[in-house]
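Subject: A structure for you to look at

Hello,

Here is the structure I promised to pass on. Please open it first, and then read my notes underneath.

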Amino acid sequence: VQKKPPAMPKSKSSYSVQTLFAPVQIQLELVEQKMLNLDEMLFTPLAERVIELIESGGKRLRPALTLMAAKMNMDEQTDPDSATIEHVIAVAAAVELLHTATLVHDDVIDDADTRRGVATLNTRWDAGSTVLAGNYIFGQAILLAAQTGNMRVINIFSDTLQVLVDGEVHQLSARDDYGQDKSLYYQRIYGKTASLFCAATEAAAVLSGLEEPAIKQIRDYGYNFGMAFQIMDDILDFTSDEATLGKPAGSDLRQGTFTLPFLHFAQENPDAVSSLRRAYSQNMAKDDPQWHTLVDEVVEMIRVSPAIAAARQEAADFLTEAKGNLANLPANVYRQSMLDLCDFVVERTY
Ligand code: IPE
Ligand code: IPE
Ligand code: MG
Ligand code: MG
């Protein structure tokens, strides 16, 4: 398998995510190795594609959070080489693989052609094979979760996979629904994104042997962090560009997926979105150049509207909550990184 150079766009943010990962760097490298450890008997083309996908990079936020949430509560003197840290590394790898598989499927659903700056699998393989590759990665994730031998962790994974699918299906069914309530947006982003951050942090807390109230605090951090993370992703889809993001920009609205900036904007300016509404009611195809022109116009209006700041404020509010969730947990370098990561979420450009 040929190695590709890392494809991550350079951060223009003052918060370098890699610096924030420093306390868990050694374990993160072990997570990388674990993810790449595939069955030798695996069909070569599939193995090559899966390895390429994993090596195409990504911020590795979810496994980093799993490692931090666990190490925050582990005794550095007695635990460093224990079975517990082995299990935490397996879970961190499982979380990132679950994420990778959902991206593979998401790009099929959205017909997206780039991800992490490289061509998506669905541009090179037919949809059927791509979906199957995603399924394989899901299987690999569950296998790693099962290595913990911890029933609760295995349950968290199975449950999260169901919630993720439910969130994506809800999003699909809400496409082009101009009458939708904003509350459904929060349900969807919990399902498709925050639920996995909950799993990443809750599984870590369970493995580090915490009592229920502390597990809940850590899971709540994952929830609030994940909600803010998806809101910022939805903002960047309006305000950023493909070169910076490594994936298509402006694509949510083009597909009729209404995210928080749009919902704020449409509420304040119903007339400004009536062109889209009309085109939709006239069955204009999403690949019609006229549709693209209409979408570009509305994206431009939203970019410079107060809707962006309003959405950003909501993300900031979730992050304030997330920081509060850590207030009673051990004040060490891991907790500090989890607090700093909250600032990264609103500062990030990629
Ligand atoms: C992308 O997640 C999908 C969302 C939930 C918004 P990331 O932005 O974490 O993607 P990578 O892993 O860094 O590519
Ligand atoms: C996250 O939402 C999708 C998943 C959880 C798979 P998006 O559809 O916004 O993710 P991107 O923008 O394609 O990464
Ligand atoms: Mg997408
Ligand atoms: Mg997005």
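Let me start with Val-163, which sits in helix 8; helices here are DSSP runs of H or I with at least four residues, strands are E runs of at least two, and both are numbered from the N terminus. Val-163 touches Tyr-190, Gly-191 and Ser-195, with residues up to four places away in sequence not counted; contact means heavy atoms within 4.5 Å. Val-163 and Gly-256 are 93 residues apart in sequence, and their C-alpha atoms are 22 Å apart in space.

A word on conventions: this is a predicted model, in which local features need pLDDT of at least 70 and side-chain atom pairs count only at pLDDT 80 or more, while totals for chains, interfaces and linings use all residues. Residues are numbered from 1 along each chain as its sequence is written, chains are lettered from A and ligands numbered from 1 in the order in which they are written, and side-chain values use heavy atoms, with hydrogens and water left out.

The pocket

The largest pocket has a volume of about 960 Å³. The search ran on a 1 Å grid over the protein atoms alone: a cavity is a set of points where a 1.4 Å probe fits but cannot get out, and a pocket is an open set with protein on both sides within 12 Å along at least five of seven lines, while lining residues have an atom within 4 Å of a point. Grid points are joined across faces, edges and corners, and the volume is the space filled by probe spheres set on the points.

Of the 47 residues that line this pocket, His-99, Leu-103, Asp-106, Arg-115 and Lys-247 are the closest to its centre. Which helix gives the largest share of the lining? That is helix 5, with 9 residues. Among the other elements that each supply at least two lining residues are helix 4 (61–71), strand 1 (114–115) and helix 8 (151–173). By type, the lining divides into 18 nonpolar, 12 polar and 17 charged residues; Ala, Val, Leu, Ile, Met, Phe, Trp, Tyr, Cys and Pro count as nonpolar, Asp, Glu, Lys and Arg as charged, and the others, Gly among them, as polar.

The magnesium ions

Asp-106 also appears at a metal site: the protein donors of the magnesium ion (ligand 3) are Asp-106 (OD) and Asp-110 (OD), lying 2.1 to 2.3 Å from it. Donors are N, O and S atoms within 2.8 Å of the metal (3.2 Å for Na, K and Ca), and sites may look incomplete because water is not among the atoms. Asp-106 and Asp-110 are 4 residues apart in helix 5, so about one helical turn separates them. Both are buried, a term that means under 20% relative accessible area, with exposed over 50% and partly exposed in between (1.4 Å probe, protein chains only). A separation of 5.0 Å lies between the magnesium ion (ligand 3) and the magnesium ion (ligand 4).

Just after helix 5, in the loop before strand 1, comes Asp-111. Asp-111 is exposed, because its relative accessible area is 64%, and its phi is near 55 degrees, a positive value in a residue other than glycine.

The core and helix 4

The largest nonpolar core has 107 residues, and Phe-225 is one of those that touch the most other members. Such a core is a set of buried Ala, Val, Leu, Ile, Met, Phe, Trp, Tyr and Cys residues joined through side-chain atoms within 4.5 Å. The contacts of Phe-225 include Leu-61 and Leu-65, and both of these are buried residues of helix 4. In fact, 11 of the 11 residues in helix 4 are buried, and they pack against partners including helix 9 and helix 10.

In the loop between helix 3 (44–55) and helix 4 lies Arg-60, which counts as buried because its relative accessibility is 9%. Arg-60 has a phi near 65 degrees, again positive in a residue other than glycine.

Two alanines of helix 9

Ala-203 is in helix 9 and counts as buried because its relative accessibility is 0%. Leaving aside neighbours within four places in sequence, Ala-203 is in contact with Val-91, Val-153 and Ile-156. Ala-205 lies in helix 9 too, and on the same basis Ala-205 touches Leu-210, Ile-215 and Ile-218.

Enjoy exploring!
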